[in-house]
Amino acid sequence: MTKISGYYNSAKWPIQLVFPKLNIALHLQPGEFILGSDRQKINDPLFEAFTGRDLLSRELSDTPVPINYIAI
């Protein structure tokens, strides 16, 4: 469980995240969330390393939510 309900692009421009070892590339428009194939927000702790100014931001929840891992 976590209090982070999702990660989204907080920059004012599109960003790209590439994970070559996982064979995954994500393209996010400004304000766009990382979503799974079922359109659920992904809150995988893997993305915590990519949070910060002009990168990903966290959407926080008041109550704990289950972790939705990125499918690999």
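Trainee: The charged end of which residue sits over the ring of F33?

Mentor: In this predicted model, the ring of F33 has a charged group over it, 4.2 Å from the ring centre. The charge lies within the 6 Å that the criterion allows. The residue that supplies this charged end is K41.

Trainee: With which residue does K41 meet in a salt bridge?

Mentor: Side chains of opposite charge can pair when their charged atoms come close. For K41, the nitrogen-to-oxygen distance in the salt bridge is 2.7 Å, and the cut-off is 4 Å. The partner of K41 is E59.

Trainee: How many residues apart in sequence are the parts that E59 and K41 tie together?

Mentor: E59 belongs to strand β4, whereas K41 is in the loop between β3 and β4. E59 is partly exposed at 25% relative accessibility, and K41 is partly exposed at 28%. Because one partner is in the strand and the other in the loop, the pair ties together parts whose separation in sequence is 18 residues.

Trainee: Which residue forms a salt bridge with E48?

Mentor: The count of salt bridges comes to 2. In the bridge of E48, the closest N and O atoms are 2.5 Å apart. This pair links distant parts of the chain, with E48 in the loop between β3 and β4 and its partner in strand β4, 10 residues apart. The partner is R58.

Trainee: Is R58 buried, partly exposed or exposed?

Mentor: Buried means under 20% relative accessible area and exposed means over 50%. The relative accessible area of R58 is 38%, while that of its partner E48 is 29%. R58 therefore counts as partly exposed.

Trainee: Which residue forms an aromatic pair with Y8?

Mentor: The count of aromatic pairs is 4. In the pair that includes Y8, the ring centres are 5.1 Å apart and the planes lie at 45 degrees, which is classed as tilted. Y8 is in strand β1 (residues 2–9) and its partner is in the loop between β3 (24–28) and β4 (56–65), so the pair ties together parts that are 25 residues apart in sequence. The partner of Y8 is F33.

Trainee: What is the relative accessible area of F33?

Mentor: F33 takes part in the pair with Y8 and also has the charged end of K41 over its ring. Y8 is partly exposed, with a relative accessible area of 25%. F33 is likewise classed as partly exposed. Its relative accessible area is 22%.

Trainee: What kind of aromatic pair do F19 and F50 form?

Mentor: The ring centres of F19 and F50 are 5.3 Å apart. Their planes meet at 85 degrees, and angles over 60 degrees fall in one class. The pair is therefore edge-to-face.

Trainee: Is F19 buried or exposed?

Mentor: F19 lies in strand β2 (residues 15–19) and F50 in the loop between β3 and β4, so their pair ties together parts that are 31 residues apart in sequence. F50 is partly exposed at 27% relative accessibility. For F19 the value is 8%, and the limit for the lowest class is under 20%. F19 therefore counts as buried.

Trainee: Which residues form one aromatic cluster?

Mentor: Both F19 and F50 belong to the aromatic cluster. Two further residues, Y7 and F47, join them. The complete cluster is Y7, F19, F47 and F50.

Trainee: What is the phi of N23?

Mentor: Most residues other than glycine have a negative phi. N23 is not a glycine, yet its phi is positive. N23 is found in the loop between β2 and β3 and is exposed, at 73% relative accessibility. Its phi is about 60 degrees.

Trainee: Where is the place of D54?

Mentor: D54 also has a positive phi of about 60 degrees although it is not a glycine. It counts as partly exposed, at 33% relative accessibility. D54 is in the loop between β3 and β4.

Trainee: What pattern does the protein follow along the sequence?

Mentor: The protein has 0 helices and 4 strands. Its radius of gyration is 12 Å, close to the 11 Å that the globule rule gives for 72 residues, so the protein is as compact as a globular protein of that length. Read along the sequence, the pattern is β-β-β-β.

Key
Residues numbered from 1 in each chain as written. Predicted model: local features only at pLDDT ≥ 70, side-chain atom pairs only at ≥ 80, totals over all residues. Heavy atoms only, no water. Phe/Tyr/Trp six-rings, centres within 6.5 Å; stacked < 30°, edge-to-face > 60°. Helix = DSSP H or I, 4+ residues; strand = E, 2+ residues; numbered from the N terminus. Buried < 20%, exposed > 50% of the residue type's maximum accessible area, 1.4 Å probe, protein only. Lys NZ or Arg CZ within 6 Å of the ring centre and 35° of its normal. Salt bridge = Lys/Arg side-chain N within 4 Å of Asp/Glu carboxyl O. Rg over C-alpha atoms; globule rule 2.2 N^0.38 Å.
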